[in-house]
Amino acid sequence: MEFFNTTSSLSHLLPQQQHPSSYFDVLRQLGESPDSQIANLSLIERLWASWYIFMNNDILATGLLFFITHEVVYFGRCIPWMIIDQMPFFNRWKIQASKIPSNKEQWECMKEVLKSHLLVEALPIWLFHPICANLNISVEVPFPSYSTMAFQIAIFFVLEDFWHYSFHRLFHVGWFYRNIHKQHHKYAAPFGLTAEYAHPVEVMALGTGTVGFPILYAYLSKTQPYGLNIPELHLYTLTFWITLRLFQAVDSHSGYDFPWSLNKFIPFWAGAAHHDDHHHFFIGNYASSFTWFDFFMSTESGQIAKAKREKKMREHAEKVL
Ligand SMILES: [Zn+2]
Ligand SMILES: [Zn+2]
């Protein structure tokens with residue numbers, strides 16, 4: 001069974017190596033390789049290759065890498081927001097200024113999210129490498145070019161946003177809200193940690209938008225339908241994408257809208273202002289990363305959007321008459 005197959009697909013980089021004594025031993029050997037192509041790998045490529053060679057089991061290597069990346073990025077990204085919540089100086093940029101989360105609320109939420117990570121997300125993460133292997137998702141070095149990575153990540157952002165918008169809107173319909181999405185709306189004034197505070201069904205459904213499209217992309221790049229020349233997907237690109245997506249999810253729940261927030265530079269970037277209004281007003285602003293779906297589907301949140309919507313409907317009705 002592949003799970004117990006203890007040969008890394010990257011072991012060809014160090015064909016002579018004896019049992020490495022440590023991760024850093026592999027890292028050193030790669031740096032001293034007589035093969036100039038290997039010795040010229042970037043530091044991040046060498047760190048990556050050493051991990052796979054040292055683990056000597058690609059399923060474990062990918063599973064652990066994804067699990068650790070998820071925990072470190074998610075909780076690591078929440079820490080600055082927890083500190084900012086303690087500093088009155090930043091309160092001027094808090095969207096719902098009177099609703100600073102208490103330490104007890106933060107702690108309770110953290111325990112629930114951690115429980116969900118261990119019980120709901122751990123298993124799919126471990127199953128990920130066999131899928132990768134079947135779909136030719138590469139773990140090799142060197143990595144693809146930054147332009148290929150940016151192109152693929154941009155596609156994933158747009159498709160995930162569409163998926164998130166659709167399912168999130170569905171989750172606000174009667175039965176789905178009462179039985180699934182209600183948990184996420186426990187906090188009318190969100191804070192970073194609440195990003196993944198949700199019912200297991202919601203975690204799985206929305207998580208599919210994050211990993212499902214890369215899997216579909218990998219399938220298309222393997223089969224190359226209609227003679228398309230779709231560039232291969234690399235697991236590093238996928239790790240990068242998941243990291244950015246986690247940043248987006250945590251930041252949109254932060255509760256702060258700064259003059260230097262990304263939505264001030266990219267007008268169609270949703271950011272915290274967009275999602276905070278969703279938690280506050282409960283209706284509208286269903287998308288995750290971009291504002292365009294709510295704009296075109298007339299589902300923007302808040303009083304101004306409501307007035308605009310009503311004006312448009314009135315004008316349309318008058319025109320029809
Ligand atoms: Zn909602
Ligand atoms: Zn939310």
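I'll start with residues 154–299: the C-alpha atoms at the two ends of this span lie 24 Å apart, and the span is 55% helix and 0% strand. The reason for picking this stretch is a record. UniProt, in an unreviewed entry, annotates residues 154–299 as "domain: Fatty acid hydroxylase". Please keep in mind throughout that this is a predicted model.

Now the chain as a whole. There are 13 helices and zero strands in the protein chain. Read from the N terminus, the order of elements is α-α-α-α-α-α-α-α-α-α-α-α-α. The C-alpha trace spans about 80 × 50 × 40 Å along its principal axes. Of the 321 residues, 33% are buried. As for contacts, take those between residues at least 6 apart in sequence: 66% of them join residues at least 24 apart.

Next, helix packing. A pair of packed helices is described by the angle between the axes and by the distance between them. I have two pairs to show, and helix 9, residues 200–223, takes part in both.

The first partner is helix 5, residues 103–126, which packs with helix 9 at an angle of about 60°, the axes being 10 Å apart. That angle makes helix 5 oblique to helix 9. The crossing of these two helices is right-handed. Which residues meet here? On the helix 5 side they are Ser116, Val120 and Glu121, and on the helix 9 side Pro200, Val203 and Met204. By class, this contact of helix 5 with helix 9 has four nonpolar residues, one polar and one charged.

The second partner is helix 7, residues 146–170. The axes of helix 7 and helix 9 come within 9 Å and cross at roughly 140°. This crossing, helix 7 with helix 9, is right-handed. Helix 7 contributes Gln152, Ile155, Phe156, Leu159, Glu160, Trp163, His164 and Phe167, while helix 9 contributes Ala205, Leu206, Gly209, Thr210, Phe213, Pro214 and Tyr217. The residues of the contact of helix 7 with helix 9 divide into 10 nonpolar, four polar and one charged.

On to helix 11, residues 271–281. Is this helix mostly covered or mostly open? Mostly covered: nine of its 11 residues are buried. The buried ones are Gly271, Ala272, Ala273, His274, His275, Asp276, Asp277, His278 and His279. Just after helix 11 comes Phe282, which takes a positive phi of about 75°.

That leads to some other backbone details. Asn285 is in the loop between helix 11 and helix 12, the latter being residues 292–296. Although Asn285 is not a glycine, its phi is positive, about 55°. Asn285 counts as buried because 27 other C-beta atoms lie within 10 Å.

Compare Gln224, in the loop between helix 9 and helix 10, where helix 10 is residues 235–252. Gln224 is again a residue other than glycine with a positive phi, near 45°. Is Gln224 buried or exposed? Gln224 has 10 C-beta neighbours inside 10 Å, so it counts as exposed.

There is also a cis peptide bond, between Val141 and Pro142, with omega at about 0°. Pro142 sits in the loop between helix 6, residues 128–134, and helix 7.

Last, two pairs of residues that are separated along the chain. Phe75 belongs to helix 4, residues 58–85. The C-alpha atoms of Phe75 and Leu193 are separated by 7.6 Å, with these positions 118 residues apart along the chain. Phe75 has 18 C-beta neighbours inside 10 Å, so it counts as partly exposed.

The other pair is Pro267 and Thr291, 24 residues apart along the chain, with C-alpha atoms separated by 8.3 Å. Pro267 lies in the loop between helix 10 and helix 11. How many other C-beta atoms lie within 10 Å of Pro267? There are 7, so Pro267 is exposed.

To close, back to the overall picture: a predicted model of a chain with 13 helices and zero strands, in which helix 9 packs with helix 5 at about 60° and crosses helix 7 at roughly 140°. Helix 11 is the mostly covered one I went through, with nine of 11 residues buried. That is what I have.

Conventions. Residues numbered from 1 in each chain as written. Chains lettered and ligands numbered in written order. Predicted model: local features only at pLDDT ≥ 70, side-chain atom pairs only at ≥ 80, totals over all residues. Buried ≥ 20, exposed ≤ 12 C-beta atoms within 10 Å, placed from the backbone. Helix = DSSP H or I, 4+ residues; strand = E, 2+ residues; numbered from the N terminus. Contact = placed C-beta atoms within 7 Å. UniProt positions renumbered as here; feature names shortened; annotations may be inferred. Axes fitted to C-alpha atoms, helices over the stretch in contact; angles between N-to-C directions. Parallel < 35°, antiparallel > 145°, perpendicular 65-115°, else oblique. Left-handed = near helix turned anticlockwise from the far one by under 90°. Nonpolar A, V, L, I, M, F, W, Y, C, P; charged D, E, K, R; others polar.
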